[in-house]
Structures are given as C-alpha cells and as structure tokens.
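Colleague: I would like to learn how to read a protein model. Could we go through one together, feature by feature?

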Amino acid sequence: MHECILCDEADAGERCKWGYDQTAAQRCTSDLSFTNVGCYTCYSTSDTSALFHRGCVGENRQAQCQPGTVQVCLGAACNQRNEQLQICAKCEEGCENDRWTVEECRGIVPYEQRGCYIMLDSRKRIVARGCAADLNQDTWNLCSNVKDSSCITCLGNECNHAAIGLTRMSLLWTLVTALLLTFIVQNVSR
C-alpha cells in the first residue's frame, strides 16, 4: 500500500491547491495492481470552472481528469507540491529604500502559512519583507497576532511590496466592507 495526498477542490476549496506536509498523506485503499502504484494531480472541468484534484493513481476520480493536465509521480506523498504559487516582495536589508526583489516562495507553502509579510521597527520603518511560509514558528506566531503591529501579513501575490497602506484585513471585514459599499451604492442610485 502507498500513500498520497487526497483532495478535491470541489470539496476542500482553494486549500487543495496549496502545498501539503507529507504527514497529511493517506493510504490508498483501491485494489490496484503493482503497475498502478503512484500519486497524481490533475484538473477536471465542471459546468463553471476547472477543478484541481490530488489522489492515488487508478482511483475512479482520475477518470474525470482532463488528459493534458494529469501529472503522475512515485513515492509517498509525492503529489504534495503547490499548484497555487505565492509570490512576495523579499528583502532583509535596505528595505526602507525600496531595495527588494519579487520572487516565488520556495518549497512547500501550506494553506495555513500562505501569504506575505512585512516586519516593521519601532519607528514603523520596514526592516524585512518575505514569504510567510519562510518564517520560523516564533516569528509566525508574532505575525499571526493581529494585536502586534510589528509584523503585517497579507494574502495576495506581491501584496507586501507597498510601503504605505498595507493593513491586516480579514476576509470577514473585506466581505462586510463590500456589502456596505454595495448597500450605499444601491441607496444612492435610488
């Protein structure tokens, strides 16, 4: 028996496209021959969009994959890599002078640690920018604390390149703001 990451974007949402730790692998349960051992990733199409899948080679769901999108690999949890890329501004020195580069975050970027960050000193000057997935656990805890303004995180690609105006806004507040603006626009147009 072998192990693969199993997920379906239709069920797991965007989480399925982000990287997984090997410990998230599950045993493949299908009765398959030795030639069907392996893991896969692919896209299938629904009525409205393309959906991403991860699974065990030979399982029924693999038959729904669009042929040109199937990637097969061998080894435990070999289908753990990111499908969704995270791109962040990075610098560790000279950040206040806009000396930074934009790079893809390397390695496995899990859903829980996606995003970019900006570290600020006591005078609110930028001292570091980078990928949230690169932070050690203590710094990640600091950046995850919404009450601590010395580290600000954001979720979009290149979201940490702006020097001014980067604020921590949860999805809930984004939705509330959008609903409020929609309500105002509708009432003004009447």
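Modeller: Start with a definition. Helices and strands are DSSP runs, at least four residues for a helix and at least two for a strand, and they are numbered from the N terminus. One caution: this is a predicted model.

Colleague: How many helices and strands are there in the protein chain?

Modeller: The protein chain has three helices and 11 strands. Read from the N terminus, the order is β-β-α-β-β-β-β-β-β-β-β-α-β-α.

Colleague: What share of the 190 residues is buried?

Modeller: Buried means under 20% relative accessible area. In this chain, 36% of the 190 residues are buried. The accessible surface comes to about 11,900 Å². Carbon and sulfur atoms hold 53% of that surface.

Colleague: What about contacts between residues at least 6 apart in sequence: what percentage join residues at least 24 apart?

Modeller: In this chain the figure is 61%.

Colleague: Now the strands. Which strands form the open sheet, and in what order?

Modeller: Two strands pair if DSSP finds at least two bridges between them. Here four strands form an open sheet in the order S2-S5-S4-S6, with antiparallel pairing. S2 and S6 are the edge strands, since each pairs on one side only.

Colleague: How many bridges join strand S2 to S5?

Modeller: Two bridges join S2, residues 7-8, to S5, and the two strands run antiparallel. Look at Cys7: Arg54 in S5 stands opposite.

Colleague: And how many bridges are there between S4 and S5?

Modeller: Seven bridges, again in the antiparallel sense, with S4 covering residues 39-45. Pick out two pairs. Tyr40 has Gly55 in S5 as its bridge partner. Cys42 has His53 in S5. Between S4 and S5 lie four residues, and the two strands form a hairpin.

Colleague: Why is strand S5 described as largely enclosed?

Modeller: Count its buried residues. S5 spans residues 50-56, and six of its seven residues are buried, so the rest of the structure largely encloses this strand.

Colleague: Next, pockets. What does a probe show?

Modeller: Rolling a probe the size of a water molecule over the atoms shows where empty space is left. Take the second largest pocket here, with a volume of about 260 Å³. Its lining has 15 residues, and the closest to its centre are Thr41, Gln71, Cys78, Asn79 and Arg81.

Colleague: Which elements give two or more residues to the lining of the second largest pocket?

Modeller: S4, S5 and S6, the last being residues 71-73. S6 gives the most, with three residues.

Colleague: How does the lining of the second largest pocket divide into nonpolar, polar and charged residues?

Modeller: Six are nonpolar, six are polar and three are charged.

Colleague: Let us try single residues. Is Ile152 buried or exposed?

Modeller: First place Ile152: strand S11, residues 151-154, holds this residue. Then compare with the cut-off, which is under 20% for buried. Ile152 has 15% relative accessibility, so Ile152 counts as buried. Sequence and space can be read side by side. Ile152 and Leu142 are 10 residues apart in sequence, and their C-alpha atoms are 9.3 Å apart.

Colleague: Where is Lys90, and is this residue buried or exposed?

Modeller: Lys90 is in strand S7, residues 87-90. Its relative accessible area is 17%, so Lys90 is buried. Contact means heavy atoms within 4.5 Å. Leaving out residues up to four places away in sequence, Lys90 touches several residues, including Trp100, Glu103, Glu104, Arg129 and Asp134. Ile118 is 28 residues from Lys90 along the chain, and 9.0 Å separates the two C-alpha atoms.

Colleague: Last topic, the backbone angle phi. Which value does Lys124 have?

Modeller: Phi of Lys124 is near 65 degrees, which is positive in a residue other than glycine. Lys124 sits in the loop between S9 (116-120) and S10 (126-131). With 48% relative accessibility, Lys124 counts as partly exposed.

Colleague: What is phi for Glu158, and where is this residue found?

Modeller: Glu158 is not a glycine, yet its phi is positive, about 60 degrees. The loop between S11 and helix H3 (171-188) holds Glu158. Its relative accessibility is 33%, so Glu158 counts as partly exposed.

Conventions
Residues are numbered from 1 along each chain as its sequence is written. This is a predicted model: local features need pLDDT of at least 70, side-chain atom pairs count only at pLDDT 80 or more; totals for chains, interfaces and linings use all residues. Side-chain values use heavy atoms; hydrogens and water are left out. Buried means under 20% relative accessible area, exposed over 50%, partly exposed in between (1.4 Å probe, protein chains only). Accessible areas come from the Shrake-Rupley method with a 1.4 Å probe; for residues, only the protein chains shown count as cover. On a 1 Å grid over the protein atoms alone, a cavity is a set of points where a 1.4 Å probe fits but cannot get out, and a pocket is an open set with protein on both sides within 12 Å along at least five of seven lines; lining residues have an atom within 4 Å of a point. Grid points are joined across faces, edges and corners, and a volume is the space filled by probe spheres set on the points. Ala, Val, Leu, Ile, Met, Phe, Trp, Tyr, Cys and Pro count as nonpolar, Asp, Glu, Lys and Arg as charged, and the others, Gly among them, as polar.
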